[in-house]
Amino acid sequence: MEQDIAITNISLDLLGQSRNFYQYAAALINQSTNQPGKEVTEDSLAYLRTEREYKNLLLVELPNGDWAQTILKLFLFGQFQYLLMEQLIKRGDLQLAAIAEKSLKEVSYHVRWSSEWVIRLGDGTEESHQRMLNALEDLWSYTGEFFMPADYELDLVDVGSLKEIWIKKVNAILLEATLQ
């Protein structure tokens, strides 16, 4: 029950972060277009798009699968999201930095919680270890997309340093979890 509540709270954190980013994006769009009566909202950005207008990482679209896959997906994404938020805080956009700073507090918990589970499952029973290996095999190929920024992200993040740090952090946890 405790873990169900934890993962539900993580989901709520991620939804809240998404809302903050959508609200800010809508404000920026409305500011640049200045078309009264045709304002963009967070809901119109989130829901009134064609499938080609969605710009998210494929990893987050994948079904959760078993507990090992759910945990590893959250861990891989959380490590990336943590580093991304750190970089967004340092950019000149104060609103973006404020959203990233609030998100970073939440993502710190996500990373810590998922890291503990990766270690527990990877270094646990033979079955849990095998499930983590299967999850790693299934999910790893999706992580390269983390480091392929969209055009609008090029000025926001330093992909090279982000990838290098992410690899080190992920490998340290995988090593502790006895996962190759």
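Colleague: What makes F146 and W166 count as buried in this model?

Modeller: This is a predicted model, and the label comes from a cut-off: buried means under 20% relative accessible area. F146 is buried, and W166 is too, so each of them falls under that 20% mark.

Colleague: And why is the pair of F146 and W166 called edge-to-face?

Modeller: Two values go into that. A pair of aromatic rings is described by the distance of the centres and the angle of the planes. For F146 and W166 the centres are 5.6 Å apart and the planes make 90°. Ring centres have to lie within 6.5 Å to pair, and planes over 60 degrees apart count as edge-to-face. With 5.6 Å and 90°, F146 and W166 meet both conditions, so the pair is edge-to-face.

Colleague: Which parts of the chain does this pair tie together?

Modeller: F146 sits in the loop between α5 (126–139) and α6, while W166 belongs to helix α6. The pair therefore ties together parts that are 20 residues apart in sequence.

Colleague: Which residues form one aromatic cluster?

Modeller: F80, W140, F146, F147 and W166 make up one aromatic cluster. Across the whole structure, a search turns up 8 aromatic pairs.

Colleague: Let's turn to T178. Why is T178 called partly exposed?

Modeller: Its relative accessibility is 38%. Buried means under 20% and exposed means over 50%, with partly exposed in between. As 38% falls between those cut-offs, T178 counts as partly exposed. T178 lies in the segment after α6 (159–176), and it has a positive phi of about 60° although it is not a glycine.

Colleague: Now the overall fold. How many helices and strands does the protein have?

Modeller: There are 6 helices and 0 strands. From the N terminus on, the elements run α-α-α-α-α-α.

Colleague: How do you know that the protein is as compact as a globular protein of that length?

Modeller: The globule rule gives 16 Å for 180 residues, and the radius of gyration here is 18 Å. Those two values are close, so the protein is as compact as a globular protein of that length. Along the principal axes, the C-alpha trace spans about 60 × 35 × 30 Å.

Colleague: What share of the residues is buried?

Modeller: Buried residues make up 37% of the 180. As for contacts with a separation of 6 or more, 72% of them come from residues 24 or more positions apart.

Colleague: How many side chains are positive, and how many negative?

Modeller: The protein has 16 positive and 27 negative side chains, and the centres of the two sets are 4 Å apart.

Notes
Residues are numbered from 1 along each chain as its sequence is written. This is a predicted model: local features need pLDDT of at least 70, side-chain atom pairs count only at pLDDT 80 or more; totals for chains, interfaces and linings use all residues. Side-chain values use heavy atoms; hydrogens and water are left out. Helices (H or I, at least four residues) and strands (E, at least two) are DSSP runs, numbered from the N terminus. The radius of gyration is taken over C-alpha atoms; the globule rule is 2.2 Å times the number of residues to the power 0.38. Buried means under 20% relative accessible area, exposed over 50%, partly exposed in between (1.4 Å probe, protein chains only). Contact means heavy atoms within 4.5 Å. Lys and Arg count as positive and Asp and Glu as negative; His and the chain ends are not counted. The place of a charge is taken as NZ of Lys, CZ of Arg, CG of Asp or CD of Glu. Rings of Phe, Tyr and Trp (its six-membered ring) pair if their centres lie within 6.5 Å; planes under 30 degrees apart count as stacked, over 60 as edge-to-face and the rest as tilted.
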